[in-house]
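Below are some notes on the model you sent, set out as numbered points. Please read them with the structure open beside you.

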Amino acid sequence: MPLDTSTYSLALLRLDGRRWNELRRMHAQISTQPTADGSSYLEMGNTKVICTVAGPAEGRRAGGGGGAGGDATATVQVEISIAGFSGVDRKRRGRGDKRTSEMQMTVANAFANTLFTHLYPHSTILITLHVLSQDGSLLAACLNASTLALIDAGVPMSDYVAACTSGSTSSYSSNDEAADPLLDLNGTEEQELPFLTVGTLGAGEKVSVLVMESRVQAMRLEGMLAVGVDGCKQVKEILDQIVRRHGKKLLLESVRI
């Protein structure tokens, strides 16, 4: 069933009640897995991801996932498992799934350039992501969850990697000049509208991740990217609040002891 976008110009509201520049509810927790070096749980709308980090550990090599790095620096490896019940189609993806492999390489390359891997030569940092529910912005949720888990693991990095999606209210074939950009698309919108995933470093405008798998008019790309970068700034503030809240909790617990 095609997505009804007629209400966008009339009420300036989307199907889930948000305006064009509003993020969905974002909730996250840190240190959710006591046995892992670092862990996090993150929700972006109805997209839910669990992330664990193992390492840096010397001599650890995990197969089957995307990796980036060299002998003189730490190797960042990523493994993503998507639960069969996470989507509407209830499709179970195997280890050789092309889309999953591309996501693994994207996450690994993003953090290989952000982490201070030169401090840990001949070692491996393993990021494991478990997708529990999918409703849009899956790659962005994986990047944000990985950022929190790496901070929990104490792996030094240059800044936060904050990510979100942005799209356009018009498809490629309609050629609508009055099309408006949208921020943080849900699953229904991603199926019908062109969108991209953008990740930035910290609160600046330095883009570290940019993935687009759909066709869009070239004149709309600049507006979509600008909205996406602005959304990443909002996500960074949310991630920073989560980290600070967790830090205050740890300080209070240490004082009580």
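Which residue of β6 is the bridge partner of Ile 80? Leu 129 in β6 takes that place opposite Ile 80, and the points below start from this pair, with the reminder that the model is a predicted one.

1. The pairing of β5 with β6. Strand β5 (residues 75-82) and strand β6 (residues 123-133) run parallel and are joined by 8 bridges. Of the 8 residues of β5, 7 are buried, and the strand is thus mostly covered. In general terms, strands of a sheet pair through backbone hydrogen bonds, in either the parallel or the antiparallel sense.

2. The nonpolar core. Leu 129 appears again here, since it is listed with Leu 42, Phe 111, Ile 127 and Leu 150 among the residues that have the most contacts inside the largest nonpolar core, a set of 57 residues. Helix α3 (residues 138-153) gives the most to this core, with 11 residues. As a general tendency, nonpolar side chains in soluble globular proteins are buried together.

3. The surroundings of Ile 127. When neighbours within four places in sequence are left aside, Ile 127 is in contact with Cys 51, Thr 52 and Val 53, with the run Val 76, Gln 77, Val 78 and Glu 79, and also with Phe 111, Ser 146 and Leu 150.

4. Helix α3. This helix is largely enclosed by the rest of the structure, because 14 of its 16 residues are buried. Its geometry is also consistent: at 1.5 Å a residue the 16 residues of α3 should span 22 Å, which agrees with the 22 Å between its end C-alpha atoms. Just after α3, Gly 154 takes a positive phi of about 80°.

5. The open sheet. Four strands form an open sheet in the order β8-β7-β9-β10, with antiparallel pairing. Its edge strands are β8 and β10 (207-212), each of which pairs on one side only. Neighbouring strands of this sheet are turned by 25° against each other on average, direction ignored. Helix α3 packs on the sheet and touches β7, β9 and β10, its direction making about 165° with that of β7. Helix α5 (residues 218-256) packs on the sheet as well, touching β7, β8, β9 and β10, with its direction at about 145° to that of β7.

6. Strand β7 and its partners. Strand β7 (residues 161-168) is largely enclosed by the rest of the structure, because 8 of its 8 residues are buried. Its two faces are both covered, with Val 161, Ala 163, Thr 165 and Gly 167 buried on one side, and Ala 162, Cys 164, Ser 166 and Ser 168 buried on the other. With strand β9 (residues 195-201) β7 pairs in the antiparallel sense over 7 bridges; Thr 165 has Thr 197 of β9 as its bridge partner, and Ala 162 stands opposite Thr 200 in β9. With strand β8 (residues 181-183) the antiparallel pairing of β7 runs over 3 bridges, and Ser 168 stands opposite Pro 181 in β8.

7. The protein overall. The secondary structure comes to 5 helices and 10 strands, and buried residues make up 48% of the 257 residues. Among contacts between residues at least 6 apart in sequence, 68% join residues at least 24 apart. The accessible surface of the protein comes to about 12800 Å², and 51% of it belongs to carbon and sulfur atoms.

Conventions. Residues are numbered from 1 along each chain as its sequence is written. This is a predicted model: local features need pLDDT of at least 70, side-chain atom pairs count only at pLDDT 80 or more; totals for chains, interfaces and linings use all residues. Side-chain values use heavy atoms; hydrogens and water are left out. A nonpolar core is a set of buried Ala, Val, Leu, Ile, Met, Phe, Trp, Tyr and Cys residues joined through side-chain atoms within 4.5 Å. Buried means under 20% relative accessible area, exposed over 50%, partly exposed in between (1.4 Å probe, protein chains only). Contact means heavy atoms within 4.5 Å. Two strands pair if DSSP finds at least two bridges between them. Accessible areas come from the Shrake-Rupley method with a 1.4 Å probe; for residues, only the protein chains shown count as cover. The expected span of a helix is 1.5 Å times one less than its number of residues. Axes are lines fitted to C-alpha atoms, for helices over the stretch in contact, and angles run from 0 to 180 degrees between N-to-C directions.
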